[in-house]
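Student: I'm new to this one. Could you take me through a single part up close, the spot where two helices pack together, and then show me what else is around?

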Amino acid sequence: MTVTTQPVVTRRGEPAYDEALRAAVWQARKPQRFPDAIVRTSTSEHVLGTVREAIANRQRVSVRTGGHNFHGLAVPDGGVLIDASGLDTLSVDAASRTAVAGPGVTGLRLSDALDEHGLAFPAPHDHSVALGGFLLAGGFGLNAGAWGPACFSVDAIDVVTASGDLIVASEHGHADYLWAARGAGALFPGVVTGFRLALRPRPAIVRLHTYVYSANELPGLSRHLAAVLPDLDPAIEAVVVLAPGRVVVRVCAWAADVAQAAAIVESFETYGKDRVLHRQVLQPRSLVELTAMLYPPEARLRPEDRRAVDAFWTDAPIDEVLPALGDCLERAPSQDSRVLTVLHSRPATRGPDAVFSMCAPLNVEPSAVWSDPAHDDVNLDWSAAANAIAARYAVGHYVASADLTVDPSRVARCFGGREWERLREFRRAVDPDALFHSLP
Ligand SMILES: Cc1cc2nc3c(=O)[nH]c(=O)nc-3n(C[C@H](O)[C@H](O)[C@H](O)COP(=O)(O)OP(=O)(O)OC[C@H]3O[C@@H](n4cnc5c(N)ncnc54)[C@H](O)[C@@H]3O)c2cc1C
């Protein structure tokens, strides 16, 4: 990233505006909302100056980093959109096992830097996801079963506040801001310009097992998974991807040696040896290699696609949830649509003081994926039908990917009751004039 002496301001009506707005949202389906100005920043001082100017001009402020929120939540109607993707400096201190990262650092860049030192972090699985919105929303990244949501490994933040100050928030000062930065997502009242991260030693072995079955196997496979789930080793990341006609189970095992890795994936090996259409075991030598293996070119999530995504936490039996969604997927108008389910072995809410407080054994994300805008209606109808099924089982939503625009109760259901009340009070106290736009 080139650091400019001044932020780059693009106002509505200027020639570069349409492109800046288009680039603000990662996916092809863009919100029909239009900020007055988009301000590309590359330092904390740029952000501070922009926020102070907005306060003086009584404009509302919104912030995006990677633009990967599926619903383009960062894009406001009117006001100023701060683009923080240019704040992408990164330094790693191997001795203290800490890193200082700008919000614009991607998971891939962080993993690349950590590989050099044999260190690790629960970084995003997809190489393109930026730390900014990922960490603020919780962040289910590498080895999340053992390391918890990535926001639990954030020790301090630099934040520009609604009063126009640049502060450091840690356990030792402004601790409420750190609490909120651990999971408030789009409801965080400030602009984070830097994160201090606690790093981990990298487990010696990472093994990625992939099993592909015919969709006909779903009932039997789901019953097997229901039996496996209560004893799932925390050092496993297990994901079930329903695709039209097939089911893919992907298990990533983090271990001290090959024998231990084999032991913790054993329960996945035992299902339907004679029925698996394809089985693959890979052993990446680095986090960067792992990231490439998790999303090989044919499985890459493509920004040129149109998407409707939602995210539900559920504690309902997996052998009820998956078959119901599998049936629905068979009626999907697009062969590219998917239902992603992440299995969690234990509640991921145990950790430091954090607003992150909503989770359950299954995170279910129905994703309608298509390319032609003429097919929007039919795909959105399917998305609504799939979401209605998932909603029947849901205890709450994951703030990173849930469609918070569906109805106002959605937002509250991203948090535990006490945490939601505390977040509302905190926002009122630190941003009484609602400078920070949070939701469309
Ligand atoms: C391809 C893809 C893969 C993904 N993989 C994962 C995954 O493995 N695990 C997972 O947990 N999630 C995943 N997600 C979801 C992702 O974590 C969220 O969409 C997250 O918001 C992305 O961060 P961002 O910076 O791009 O957010 P943006 O879309 O830029 O911003 C979203 C919201 O975050 C807030 N925000 C962003 N930056 C800042 C900042 N610097 N200061 C203050 N507030 C800010 C704003 O309120 C904004 O509205 C994935 C999404 C995609 C598209």
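Tutor: Sure! One definition before we look: a helix axis here is a line fitted to C-alpha atoms over the stretch in contact, and the angle between two axes runs from 0 to 180 degrees between N-to-C directions. Keep in mind that this is a predicted model.

Now find helix 10, residues 318-329, and helix 11, residues 376-393; their axes come within 10 Å and cross at roughly 170°. Angles over 145 count as roughly antiparallel, so that is what helix 10 and helix 11 are to each other. Who touches whom? On the helix 10 side you'll see Val321, Ala324, Leu325 and Cys328, and they meet Ala385, Ala386, Ile389, Ala390 and Tyr393 of helix 11. By class, that contact has nine nonpolar residues, with no polar and no charged ones.

Zooming out, the domain assignment splits the protein chain into domain 1 (8-83), domain 2 (90-202) and domain 3 (205-412). The centres of domain 1 and domain 3, taken over C-alpha atoms, are 32 Å apart. Where these two touch, domain 1 puts in seven residues and domain 3 ten. The domain 1 side of that contact is a mix: four nonpolar, two polar and one charged.

Last stop, the ligand. It has 33 residues around it, and Thr65, Gly66, His68, Asn69 and Gly133 come nearest. Strand 3 (61-64), helix 4 (131-136) and strand 10 (191-198) are the elements that each give two or more residues to this shell, and helix 4 gives the most, with four. Sorted by class, the shell around the ligand has 19 nonpolar, twelve polar and two charged residues.

Methods
Residues numbered from 1 in each chain as written. Predicted model: local features only at pLDDT ≥ 70, side-chain atom pairs only at ≥ 80, totals over all residues. Near = placed C-beta within 6 Å. Nonpolar A, V, L, I, M, F, W, Y, C, P; charged D, E, K, R; others polar. Parallel < 35°, antiparallel > 145°, perpendicular 65-115°, else oblique. Domains from an automatic or database assignment.
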